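Hello,

I am passing a structure on to you, as promised. Please have a look at it first, and then read my notes underneath.

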Amino acid sequence: MSPRSASVNEELRRRSRERLLQAAVELVSERGYEATTLGDIADRAGSARGLVSYYFPGKRQLVQSAVHRLMHRTLEEALEREPRTEDGRERLARAIDAILGLARDRPVLMRQHMAGLLQAEGFVRCPEQRRLAELLRDTVARHGSCDVDTDYPVLRSLLMGSVYAMVLPDVGMPLPPVRAELFTRYRLGWGQGVPPDAVAPGGTCETDLSRFFATGLPAGSPPAGVHPAEARTTGIQPAGIQPAVDQSK
């Protein structure tokens, strides 16, 4: 078999990283941060354990990148869902509802994420975090901000504080009053975005997260230039198909 091209190698690396991000989100949601090991994540992703350290310095960085990916893809989905709109007030309402929805539907994951942000390393500067920041800055600008550099950090802080208030064990606030406070501050109508008694298409509580960690390939297809037999031996999983999990571990 001839050597793989650089583009095929790059696709293999991209897909390996995608699987690790998805596995991290799934396992921390199920078990919590402390009970999830890097080995668990590698096993769920169907990857060699050494690949984890190749892509990420440690578990904290991996989990933060994974949650930031989930957040920015959830936000993108909310902003671009039909009917699409350029109205700045509606887009801000959708953005707020997307983030609060994650706190409501995935409290374990978001609680662990907030705890991680309080560690010494704070924010992990990664492509996923930068994309989340870009989307929120754009939302602030479309809402009519005359000073995005000031208004974006305020929105980010308000959202972080709201998530923290919602995911506190045993005393977390329910979504409606938190949403009402933010909507009042930004003068948004209660019927904008996704009110608590409504359900948005592709809501945040869906258990299948594959759409947020897509490989961009048809189901069952290895990357171009990779023979199906080689895909099996290298651990490449078809799009939308997860490797079997050994429940005995």
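Below is what I found, going from helix 1 to the helix contacts and then to the loops. Please keep in mind that this is a predicted model.

Let me start with helix 1, which covers residues 6-31. Its 26 residues, at 1.5 Å a residue, should span 38 Å, and the C-alpha atoms at its ends are 37 Å apart, so the expected and the computed span agree. Just past the end of helix 1 comes Gly32, with a positive phi of about 95°.

Helix 1 also takes part in a salt bridge. Arg17 pairs with Glu128, and their closest N and O atoms are 3.0 Å apart. Arg17 sits in helix 1 while Glu128 sits in helix 7 (residues 127-142), so this pair ties together parts that are 111 residues apart in sequence. In total, the structure holds 18 salt bridges.

Next, the helix contacts. You may like to begin with helix 5 (88-105), since I have notes on its contacts with both helix 8 and helix 9.

Helix 5 and helix 8 have axes that come within 9 Å and cross at roughly 30°. Angles under 35 degrees count as roughly parallel, so that is the label for helix 5 and helix 8. The crossing is right-handed. On the helix 5 side, the contact uses Leu92, Ile96, Ile99, Leu100, Ala103 and Arg104, and these meet Leu155, Leu159, Ser162, Val163, Met166 and Val167 of helix 8. Sorted by class, that contact has ten nonpolar residues, one polar and one charged. The spacing along a helix is worth a thought here: an α-helix has 3.6 residues a turn, so residues three or four places apart point the same way.

With helix 9 (175-185), the picture changes. The axes of helix 5 and helix 9 come within 11 Å and cross at roughly 155°. Because angles over 145 degrees count as roughly antiparallel, helix 5 and helix 9 are described that way. Their crossing is right-handed. Ala93, Ile96, Asp97, Leu100, Gly101 and Arg104 from helix 5 make this contact with Leu175, Val178, Arg179, Leu182 and Phe183 from helix 9. Here the residues divide into seven nonpolar, one polar and three charged.

Helix 8 (residues 148-167) also packs against helix 6 (residues 107-117), at an angle of about 125° and with the axes 9 Å apart. These two helices are therefore oblique to each other, and helix 6 passes helix 8 in a left-handed crossing. Pro107, Met110, Arg111, Met114 and Leu117 of helix 6 meet Met160, Val163, Tyr164 and Val167 of helix 8. Eight of these residues are nonpolar, none is polar and one is charged.

Finally, two loop residues to look at. Most residues other than glycine have a negative phi, and most peptide bonds are trans. Which bond is cis, then? The peptide bond joining Glu82 and Pro83 is cis, with omega about -5°, and Pro83 is found in the loop between helix 4 (59-80) and helix 5. As for phi, Asp170 is not a glycine, yet its phi is positive, at about 70°. Asp170 lies in the loop between helix 8 and helix 9.

Enjoy exploring it, and do write back with any questions.

Best wishes

Terms used. Residues are numbered from 1 along each chain as its sequence is written. This is a predicted model: local features need pLDDT of at least 70, side-chain atom pairs count only at pLDDT 80 or more; totals for chains, interfaces and linings use all residues. Side-chain values use heavy atoms; hydrogens and water are left out. Helices (H or I, at least four residues) and strands (E, at least two) are DSSP runs, numbered from the N terminus. The expected span of a helix is 1.5 Å times one less than its number of residues. Axes are lines fitted to C-alpha atoms, for helices over the stretch in contact, and angles run from 0 to 180 degrees between N-to-C directions. Angles under 35 degrees count as roughly parallel, over 145 as roughly antiparallel, 65 to 115 as roughly perpendicular and the rest as oblique. A crossing is left-handed if the near helix is turned anticlockwise from the far one by less than a right angle, and right-handed if clockwise. Contact means heavy atoms within 4.5 Å. Ala, Val, Leu, Ile, Met, Phe, Trp, Tyr, Cys and Pro count as nonpolar, Asp, Glu, Lys and Arg as charged, and the others, Gly among them, as polar. A salt bridge is a side-chain nitrogen of Lys or Arg within 4 Å of a carboxyl oxygen of Asp or Glu.
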